[in-house]
Amino acid sequence: MASKMSLMVPKVTKSRYSSLCSDDELLDDDTDCYQSVSVKRGSWIDDFGSISSSQNSIYLPTTGCVSASPPREDFASTSIPVIKMGWLDKNPPQGSLIYQRRWVKLDAEYLRYFDTEKDIYSKRIIPTMSITGVVNVGDQKFEVVTHNRTFLFRAESDLDRNEWVSVLKNCVKTYQARTSLDMTFNPCVNYEMKGYLELRGLRSKLYTVVCADKVFLYKNTEDYRLGIGITSIDMNVGNVKEMDRRAFDLTTPYRIFSFVADTDQLKDQWVDAMRNSIKEALSNYEVAEQIWTEPSNQMCADCSAAKPEWAAINLAVVFCKRCAGEHRGLGPSISKVRSLKMDKKVWTEDLIQLFLTLGNERANQFWAANVPPSEALNLNSSSEERRRFITAKYREGKYRRYHPLFGNQRELNNALCINVQSSDVCETLALVFCGADVSCDTGDPDLPSPIALAQHHGQKLQVEFLSQNRNTELPRSEVKVAIDTVHYMAPPSITHNGFLFKTASMARPITEKKGKEEFSRRWCVLNDGNFSYYESDKNATPNGGLKMKEIVCLAVNPPETHGYDHTFELYSDAERLYLFGTDHPESMREWVKSIAKSFIPSGAEDLLLKEFERIGRLRYKDRLNREMSRLGWFCLVGSSLHIRLEESSADETIDLQKLQELSIQPENEVLVLVERGRTLYIEGERKLDFLGWAAAIQRAAGSSGDTLSQQQLTEADIPVIVERCIHFITQYGLTSEGIYRKSGVNSKIAALLEEFRRDARCVWLKEGEHQVDDVSNVLKRFFRDIEEGLFGQEAHSWLSTTGVSDESSRICQYQLLYSNLPRVNQATLRALVNHLYCVQRFADLNQMNLHNLAIVFGPTLFQADGKDYSAGRVIEDLIQHYVTIFDVNEQQLKKQLDEITYIIKLRDNLTPKAGTGSGDFICTVYLEEKKETAEQHVKIPAAMTAAELTFEILDRRKISVKEKDYWCCFEVNEKEETERPLHYQERVLPIFHSLGTDSHLLVKKHFSMEAMLVYLASKVEVSKHGMMKFREERSLLGLGLTTGSFNDRYFILTSTSLRLYKEIRNLQKLQSPELQCSNRPEREWPVKCLKVYHGIKKKLRPPTCWGLTVIYESEKQEKQERQQWYLCCDTQNEMREWFATFMSIQNGGRVWPAEWLKSRATSRSAPLDARFGNVSLIPLRGSENEMRNSVAAFTADPLALFRNV
C-alpha cells in the first residue's frame, strides 16, 4: 500500500508553487535528487523553495513581479461560455486512495480542471469530442471515458454527481451530432506550427501547437492526436520576446513561459508563428460571430474545417485559412477573398445578412451538387488536393447543379429579371453562375437592369449579391448541355408555417378513423428542406421533425376521413407514418403543395400541377427488364396514375380503369399493372408506403361511381361488364331461343352483378359456370341501374325524335344526338347496338327479331316503365338503321356476320370447352438455353397451347423440323433444379401466370420422348407399380419443413390415383387387381391433382440421379393443401417409364400428336388471335379497327380453319 502512495519529491523543502503540469503524468524537474515518501497529494510537485525570477521558470511564485491577476471579465470575454463548473475530487491514475480536490470547468469544447478556482491555466484539458462515454460508478463517483484514458471523479453528493453526468452526456451528444473528424480527435487540426519545445524548469520537452489564436501544450504526440493536453494559452493577452541563443519567452499577465527551440532557425519560425497567432487573436471577432450564427457557416464550405474565418463575398461561401490561400490563387475576378476578422469595413449589414440567408449548406447545394466522394476534400487534404478541387469547383463549375435554362441566354436573363423581384437569393445564385447576365437589359427604361429591379422591389439582399458579382468571371465548364426553349416561371416558395393537428407517428397503416381527441395542436414550420413541429409558436426547440429528403410519399385523405375534416399523411423512409389535420381546406392545400414542392425533384415537377391524392417515389420494373428495378415518381389523380420514369423526359399516364389486369404479389410486395402492350411491376421502397399505394391504386382502378364513365373500361372505352357480357352471349347464346326475354336465377344474377361492380376486371365468364340467361339479365340490369342512363340527360330528345315522320330527317337527328353523347356513352351505345343487330340477324334461331329486341331494351336503356312504346321505337330505329346512323362499313359488317356464322357451325361440331377469359400477355421464352441471345418475347393469347408456342419460336428462328425431332416447351424451375415438359395441348397462359421469379419457359428438343412413346406403345395396361425411394417435404405455412430422408416405398399408379404402401408382404396380392381393395394404402393422391417434374435439388442428397419431384395441390377451395415430395428410381429407363405413365394417364393417352408436322402447318395457318376453344373468333374486344382486322383471315380463305376439323 505504501508503494502505491509514494511520490517522488525533492529532498529540500521549499515553499509551494503552482504547476502547469498535470498530476496524471509526472514530468521531470531539473533537480536530480529525489526520495520516496508517502504524502498527501496536492500538486505534482509540493513545497518547492524559492526560485529566482531570473530563471524564467514556469512556476509562478505566490509573490513577485506579477502580484495580482487582471480582472476576470477581460479573460472571460474571449472565452467560450462555461456550461458547468465546480469542485470535484479526482483520483490519480497511479492508484492513490487519496483523492485530489480540483476545480472543474466544462464548456462546449473542453472539460478542464485546475488546482484552484483562481487559476487561469489548467492541469488537464479533455476535448468533449474525444469523450466516448460518461458512466456512474457509485458512491458519488463517475467516470469520463476517452479513447485511451478513463478519468475518475467524485462529487460531494449523488445529486451533484447526477448533474455532472447529465450535463456531460448532453454536451458530448450534441458535439458528436454535428461533428465528424478524420484521423484525429484533436480540434487543432489546422495548426500554424507544431513540434517539441523545451520548457525551462522541466526536464521533459512538451509537444507545443500554435493553432489560430491559442497555443496548446501536450505531453507528447500521442496526447496531441487524442486532444488530451495540459493547458491552452490565449494569445490575445500574450507577448513574445526573443531571448539569448535559442530561447524566447511567451509572456502573459498571469505567467511567463520560457521556451527553448532545438535550432536558431526553428526559434525564428516559432516566434513568427506565435506573433501571427497574437495578431489573429487581436483581430475583430464580431463579424465572425455573426456569420457563425448560421450553423452551416461554422464549417469550411470546401474541407469542413471548424470555425472558418475567411469568405468569398461574391460566391457566398465561408472557408478556412488553408482553403483561403487556394481561393486567392483563383484571382479576384473569380473569388473575392475577405477575412471575417480583419476586413471589418467590407462587412455591411446587408452582406452579413446575405451570408446568413444563403449559408454554406444552401450555397453548396449549387456549387457542390455533384461532388464524387473520391474527389471531396477533408481536414487532412494536401495543398495540391485543395488547389485542384477548388479550381474545379469555382473556376470550372465542375460540380455545380445546372439550371434547367443553362445554355439559353435569353431565357436565363428573363428568369433573372423575374427572380430578383422576389427574396429567393438561392435561385439568383444559380442563374448568375449558370450564365445569366447581371447587367442584362430588362426592357424597362425606368428600371434598365436587374439591380434596378431589385432596388425598386425592396430586395436588399438581391441588390447586394448582384453588386458583388458585377465583374465576376463565370465558371468555364466543358460540359455540353442541349439548349431547349424552356420558359421560366418564378420558383415557388418552400417556406411555410402555421398550426396543424398531429397524431403520434405510426409504423403501420391507419385502418380506423382517428377522433379529434387523438390529435395534438402543434406549430409547424417548413424551411430549407426541414419540417419541424413545436409545442407552440413561442417555443424555440422543436418536439420533432422530418427532413424532406426522408419523405417517400405524401397522401391526401378524402374529407371527413378522420376527426378533422382535412387530413394528409407523410410516409418516411424510416417506415413511419405521420398524420396531420386541419379544419380549413385552404390551409391544408397550402401545406400539401409546399411539402410536395420540397421533396419532389425538379425533373418531376410537372406532377405538382395536378390535384393529386397521393404522390411519391416508387421503384419499378417493366416486362423487358425484370432484373433491375429503377426509380420513378408517381402521382395518383382520380383513376389516372401519372408517372415520371427514370429514363423518360416526359410524364406518362396510365388509365387505371382501363387496365387489363391488376394484381398484387404479396410475397415480394410487387404490384402488377397490365395495360395494352405493356406490363409494369411496381415495388415500394418500404412496406408501409407500398401498402398505401397498393390500396389506393386498387381503389382507383375499380368503379369510382354509378355513371358509365366511372366504370372500369376497355381500351375502346366500353365498360368491362358490357364487353364481357356481350362477348359471352355472342359466343354461347346467339342460338339460345328467347335470349334477353327469358329470366335467369335472381340470386345468381344479383351475385354476378355484385362481382362485376366490385371488380369487373377479375370476373371471367365461363361456359358451364355461368348460364346465358343469367348473363343476359346482368347486362339488362346494369343498363337499367346505371346513373343518368345510357342516353344521359338528353334522353327526352331521343324519345321526341321518334315523332319525326320523315325517315331521313329522323336518322339525321339520331346522328346529331349520337355525336353529342359523351365519349364512353358513344362507344357503349355503338357496341350494344352492334351486338343487338347481330342478334336479330339470327332471329331464325333465337326468335329475337327487331321488334322483340326493341320491346326488351327500350324500357331498359331509357329506364322507363314500358307503357310508352317511343323508347322501343328508338331502339328499333337504331338497330334497323345501324349501318347509316353509326356509319358502319357494310363490307366489314358482312365479315363480322360471316365470322359469327362460322362460330355457330364450329360449336355444332366441336365440344364446348370452358374458357379462361381473354387478354394477351407478353411472355419471355428461351430457345434451348437461358441466355440473352436466345431470348424471345412472345404475345400469348389465352388459348395458345404449348405446341403453338413451340411452333411460334421455331418459326421466328426459321428452324426446320424433321420427322423424329420432338421439340417441346419446358417449364424450368432453377431454384428447385427441376423441369417439366408441357403437354402439347396444355394452355401456356395459366402456366406463365403461375411462374415464380426463379422459373422460365424454355423450348428445346425432348430427347426422351421417342423412348417414352415406344414404351407406351408396348404397354398392355394403363397402370404401373414398383419400388421407388420416397422423401416428403410438406410446405407448412410456407416454411417448407423437411420430414425425414429417402426411404423405400411401393407405389401403384392407376388411371385415377397414385397409392403408397409401406409394408410389402405379399406382392402378388398387391399386383392382383381384384385383391387391391383389401390392402389399404398408407397414402393416396388423385392423379389429376399431381404435377410431375424431372429432377431433384442436390441439397436433398438424392440416392440416385434419376429423380422426380411431385407436387400435389388439392382442388378444395375452402381448404387449400399443397404437398411436395420426391421419388428416386434406380435407372434412367425406370424414371422415363414412370413419367410416361403419368403423362399418358393425365392426358387420356395422348402424349404426342400423331401427325406432328401436319399440326405445325395447321397452327401456322391460323392467326394467334383466332384459335378455337375458349377465345372467341368474333370481334368482341378492342377498337373498331381491330374488329375489322380480326376477320381478315376468313375473307382470304374462309374454310382454312375447318380443313382439320
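In the predicted model, glutamate 977 is partly exposed, its relative accessible area being 35%. That value lies between the limits of 20% for buried and 50% for exposed, and therefore places the residue in the intermediate class. Glutamate 977 sits in the loop that connects strand S36 (967-973) with strand S37 (978-981). Its backbone has a positive phi of about 60°, although the residue is not a glycine. Most residues other than glycine have a negative phi.

A positive phi is also found at glutamate 928, where the angle is about 70° and the residue is again not a glycine. Glutamate 928 belongs to the loop between strand S34 (921-927) and strand S35 (935-940). With a relative accessible area of 49%, glutamate 928 is partly exposed; the class follows because exposed residues must have a value over 50%.

Glutamate 675, in contrast, is part of a strand, S32 (residues 670-675). The relative accessible area of glutamate 675 is 17%, so this residue counts as buried, the cut-off being under 20%. When residues up to four places away in sequence are not counted, glutamate 675 touches Ile654, Leu659 and Gln660.

Strand pairing was examined around aspartate 89. Strand S3 (residues 82-91) runs antiparallel to strand S4 (residues 100-107), and 8 bridges join the two. Within this pairing, aspartate 89 has arginine 101 of S4 as its bridge partner. S3 also runs antiparallel to strand S9 (residues 150-154), to which it is joined by 3 bridges. In S9, the residue opposite aspartate 89 is arginine 154. Aspartate 89 is thus paired with arginine 101 in S4 and with arginine 154 in S9.

Among the helices, H23 (residues 850-862) packs on H24 (residues 870-880) at an angle of about 120°, and the two axes are 7 Å apart. H23 is therefore oblique to H24, since the angle falls outside the range of 65 to 115 degrees for roughly perpendicular axes and is not over 145, as roughly antiparallel axes would require. The crossing of H23 and H24 is right-handed. On the H23 side, the contact is made by Leu850, His851, Leu853, Ala854, Phe857, Gly858, Pro859, Leu861 and Phe862. H24 contributes Ala871, Gly872, Val874, Ile875, Glu876, Ile879 and Gln880. By residue class, the contact of H23 with H24 comprises 11 nonpolar, 4 polar and 1 charged.

Helix H13 (residues 460-468) is mostly covered, with 7 of its 9 residues buried. The buried positions of H13 are Leu461, Gln462, Val463, Glu464, Phe465, Leu466 and Gln468. These buried residues pack against four helices: H8 (349-367), H10 (409-419), H11 (425-432) and H12 (450-456).

For the protein as a whole, the secondary structure comes to 34 helices and 45 strands. Of its 1205 residues, 50% count as buried. Among contacts in the protein with a separation of 6 or more, 62% are between residues 24 or more positions apart.

Note on methods:
Residues numbered from 1 in each chain as written. Predicted model: local features only at pLDDT ≥ 70, side-chain atom pairs only at ≥ 80, totals over all residues. Heavy atoms only, no water. Buried < 20%, exposed > 50% of the residue type's maximum accessible area, 1.4 Å probe, protein only. Axes fitted to C-alpha atoms, helices over the stretch in contact; angles between N-to-C directions. Parallel < 35°, antiparallel > 145°, perpendicular 65-115°, else oblique. Left-handed = near helix turned anticlockwise from the far one by under 90°. Contact = heavy atoms within 4.5 Å. Nonpolar A, V, L, I, M, F, W, Y, C, P; charged D, E, K, R; others polar. Pairing = 2+ DSSP bridges.
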